[in-house]
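Colleague: I should like to learn how to read a structure with you. May we take its features one at a time?

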Amino acid sequence: MKLALGLPGKVAAAVVASAVFAPLIAHKALGQAHAQDSATDITLDNQAVSIHYHRATGLMDIEWRDGKKLLNLSSGAMLDDGRAITTTAYTTHRLNPPQHGNPQHSGSPMAADEYTIRSSAPGLPDLLQHISLYSNQPSIAIQAELVSKDSPIGTRHFDAVVLHGAGTIVMGESKSLRILHVPFDNDMWFRYNSIAVADMKPDQTVASNEVTAIYDNTTRHAMVLGSITHDVWKTAIEGRSTDGEITSLDLYGGIASPTGVRTDTHDTVPHGVARGQHILSPRIFIGSFSDWRDGLEAYGAANAAIHPALKWAAGAPMGWNSWAAYAEKVNYHRYLGSAAFLRDALAPEGFGNRKVIYINLDAFWSNLDTAQLSDAVALIKSMHGANGTRFAPGIYWTPFAYWSDDLDAYVEGTGMKYRYRDILLKAPDGTMLPKVDGGLAIDPSHPGAKARVTYYLQQFQRLGFEYLKLDFLSHGALEGAHFDPAIQTGIEAYNAGMKQIVDETANRMFLSLSIAPLFPSGYGHARRLSCDTKGHINGGDQSTEYMLNSLTYGWWTSKNLYITDPDHVVLGDKADQGARSITEGKSRLLSAIISGGMILDSSRLADDPQGQELAKSVYGNRAWFAVAAENKTFRPMEGDTGDKAAAVFLRASAHGAYIALFNYDDKHPHTFTVPLNRVDNRIDQALANSAQVNVIDVASGTALKSASTNLSVELPSSGSTLLELRWK
């Protein structure tokens with residue numbers, strides 16, 4: 001790595017952005033909201049935002065003090081009897097008495113004043129719009145509700161927020177807008193994608209799942225819109241543009257199309273119908289922010305306020321996993337041999353978080369017979385490193401997927417009462433749903449499936465496992481005809497199934513969600529950022545660059561929703577796509593460190609000399625491990641990379657900022673030029689006093705050349721570096 005002195009002089013202030021490391025809620029209390037109700041309009045406002053509801057049209061305008069606007073917003077639904085309803089078709093719109101300061105969130109960043117506007121008309125169900133004005137940030141939430149005066153009604157498409165027409169989305173002086181695509185889950189190597197609105201074709205629909213950000217990467221100004229309730233609906237966001245302007249945006253519960261196992265939700269049947277006399281849409285968070293990154297973090301906090309994260313006091317785990325190392329060839333000796341290498345060679349060098357190292361069996365743990373499994377767990381638990389590090393065993397399971405074609409096999413834990421064909425999820429016509437990823441979906445609501453969950457969880461805990469990797473969980477969220485008639489949608493079934501797992505493990509095991517929907521959260525301590533990732537720096541699927549695409553646009557899930565899991569660090573040619581050099585291996589390790597510090601090696605540590613030597617070199621830096629141990633996630637400097645990863649990531653340090661850089665080219669070196677005012681605009685003030693920023697190489701502790709205006713860093717092919725910029 002080479003580092004050059006930047007241009008002299010004070011940092012140019014051409015781009016003014018919010019401080020990268022400002023606290024999530026940096027706003028002063030906005031005060032209690034106010035309502036004015038006249039014959040023509042209903043006005044709701046606080047110090048950050050005003051909402052004007054026009055009685056004549058059933059449309060509302062949302063205007064923030066910073067100049068951003070959403071105009072002519074409506075709500076509506078497609079009823080299952082074929083009627084399409086919208087607030088614009090109603091004749092009467094009235095304001096219900098307000099509820100100030102939701103007591104559930106009193107004193108928190110999500111404290112809100114809540115109002116309801118009820119639209120009514122002869123022959124139609126009432127259509128309510130519940131509007132929350134948050135007291136401590138420039139955000140609101142909108143949730144629609146259908147209320148039937150007579151018999152129950154149903155819908156599988158409930159529009160909470162609809163904007164249609166030129167000029168309905170006003171972003172102030174932002175000129176080069178982007179709209180963010182967020183995948184429903186992390187299966188099939190789907191990627192996040194930041195799409196330039198100017199590049200959208202006239203007939204193109206950009207779809208996202210649960211949340212999107214509309215933003216200008218240069219100014220960083222943004223609106224963030226997304227669902228914060230995930231009890232019934234899979235929420236879709238669909239946008240269209242004309243001449244570089246977003247002219248249509250629809251946020252609705254009931255993702256409908258396209259369907260197919262390789263589409264976002266993997267559904268092959270339509271979204272389930274929500275039915276009743278009261279039906280709620282997803283609650284949609286809408287906020288205006290000076291930095292799109294702050295906005296997504298605020299959105300994560302809004303979700304956590306409703307369904308808190310599942311906390312693990314010991315923080316992000318470190319350890320070893322058998323999958324990329326041995327896959328179907330794992331056995332008793334390789335499992336214990338890998339643990340012994342970690343104990344003897346890596347733990348003394350600082351590997352392990354809070355002196356705990358997890359040794360995890362993945363799929364094919366059944367290669368160990370019952371006696372071997374019990375003996376292996378006991379031996380792992382008896383291991384201790386010279387520095388007092390203890391070892392904890394982990395295991396793998398798929399509660400909602402079945403991998404055999406033997407449908408007549410009895411279901412474990414049911415006393416031969418049920419066969420697998422009984423508990424598999426069916427289509428509404430009774431046919432079997434197609435396989436997803438080679439596995440058949442199990443219905444989480446079936447009593448046989450529940451008994452199976454109880455059986456396996458009791459076995460794992462009785463044996464003494466302390467870590468449980470839960471995989472292919474999206475199978476449990478598929479749409480279909482569920483056994484329990486109270487379960488109307490896939491997300492309802494998923495909530496029920498995951499709640500059972502959380503209740504029956506009772507925080508006695510670390511729950512790591514592998515392939516899983518992004519929402520609902522709160523059912524795992526950790527969730528994988530992406531699909532399977534191995535050790536190569538690039539090459540598309542399973543690469544470091546692929547995983548860092550998910551960090552680039554999904555870092556905000558950290559802490560608010562989950563511990564972010566970057567998947568395995570894989571070293572050596574004999575492991576599956578293992579890093580081929582120390583340089584490539586260190587880049588893979590650094591990608592895990594900046595993802596929050598959860599580090600699981602998956603190299604052939606029991607019997608591969610190359611993998612062992614690489615592990616000694618890659619994991620031999622205590623300074624990097626010290627950064628990892630803080631369990632803090634970095635966020636991207638830029639958000640204009642399309643479906644690729646950013647190259648530069650940042651987070652605050654005690655003296656300024658850490659900055660991590662990656663060269664994804666495995667053939668050529670690359671020089672990066674980083675404008676310091678894109679790192680943190682507080683550098684402007686620091687440079688006014690000292691004219692330079694000190695630069696420290698974290699791995700060695702060496703002071704490099706100071707920088708002003710720009711930081712120039714040269715990286716070798718497949719290389720990376722972690723620096724600290726000090727100005728405090």
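Modeller: We shall go from the whole protein to single strands and residues.

Modeller: This is a predicted model, in which local features need pLDDT of at least 70 and side-chain atom pairs count only at pLDDT 80 or more, while totals for chains, interfaces and linings use all residues. Residues are numbered from 1 along each chain as its sequence is written, and side-chain values use heavy atoms, with hydrogens and water left out.

Colleague: How many helices and strands does the protein have?

Modeller: Helices (H or I, at least four residues) and strands (E, at least two) are DSSP runs, numbered from the N terminus. Here there are 13 helices and 42 strands. The radius of gyration, taken over C-alpha atoms, is compared with a globule rule of 2.2 Å times the number of residues to the power 0.38. The protein has a value of 26 Å, close to the 27 Å that the rule gives for 728 residues, so it is as compact as a globular protein of that length. Its C-alpha trace spans about 80 × 80 × 45 Å along the principal axes.

Colleague: What percentage of the residues count as buried?

Modeller: Buried means under 20% relative accessible area, exposed over 50%, and partly exposed in between (1.4 Å probe, protein chains only). Of the 728 residues, 63% count as buried. As for contacts (heavy atoms within 4.5 Å), 72% of those between residues at least 6 apart in sequence join residues at least 24 apart.

Colleague: Which strands pair with strand 14?

Modeller: Two strands pair if DSSP finds at least two bridges between them. Strand 14 (residues 177-181) pairs with strand 17 (residues 211-216) in the antiparallel sense over 3 bridges, and L177 stands opposite D216 there. Strand 14 also runs antiparallel to strand 15 (residues 193-196), joined by 4 bridges, with S194 as the bridge partner of L180.

Colleague: Which way do the side chains of strand 14 point?

Modeller: L177, I179 and H181 point one way, and R178 and L180 the other way. All of these residues are buried.

Colleague: How does strand 26 run relative to strand 25, parallel or antiparallel?

Modeller: Strand 25 (residues 356-360) and strand 26 run parallel, with 5 bridges between them. I357 stands opposite F391 in strand 26. Of the 8 residues of strand 26 (residues 390-397), 7 are buried, so this strand is largely enclosed by the rest of the structure.

Colleague: What should one look for in the backbone angles?

Modeller: Most residues other than glycine have a negative phi, and most peptide bonds are trans. In this model, E210 has a phi near 75 degrees. E210 lies in the loop between strand 16 (206-209) and strand 17, and is buried at a relative accessible area of 2%. F364 likewise has a positive phi, of about 75 degrees; its place is in the loop between strand 25 and helix 4 (370-382). F364 counts as partly exposed, at 39% relative accessibility.

Colleague: Where is P520 found?

Modeller: P520 is in the loop between strand 30 (510-513) and strand 31 (526-528). The peptide bond from F519 to P520 is cis, with omega near 0 degrees.

Colleague: Which residues does L614 touch?

Modeller: Leaving aside residues up to four places away in sequence, L614 touches L571, G572, A579, S581 and I582. L614 lies in helix 10 (residues 609-618) and counts as buried, at 7% relative accessibility.
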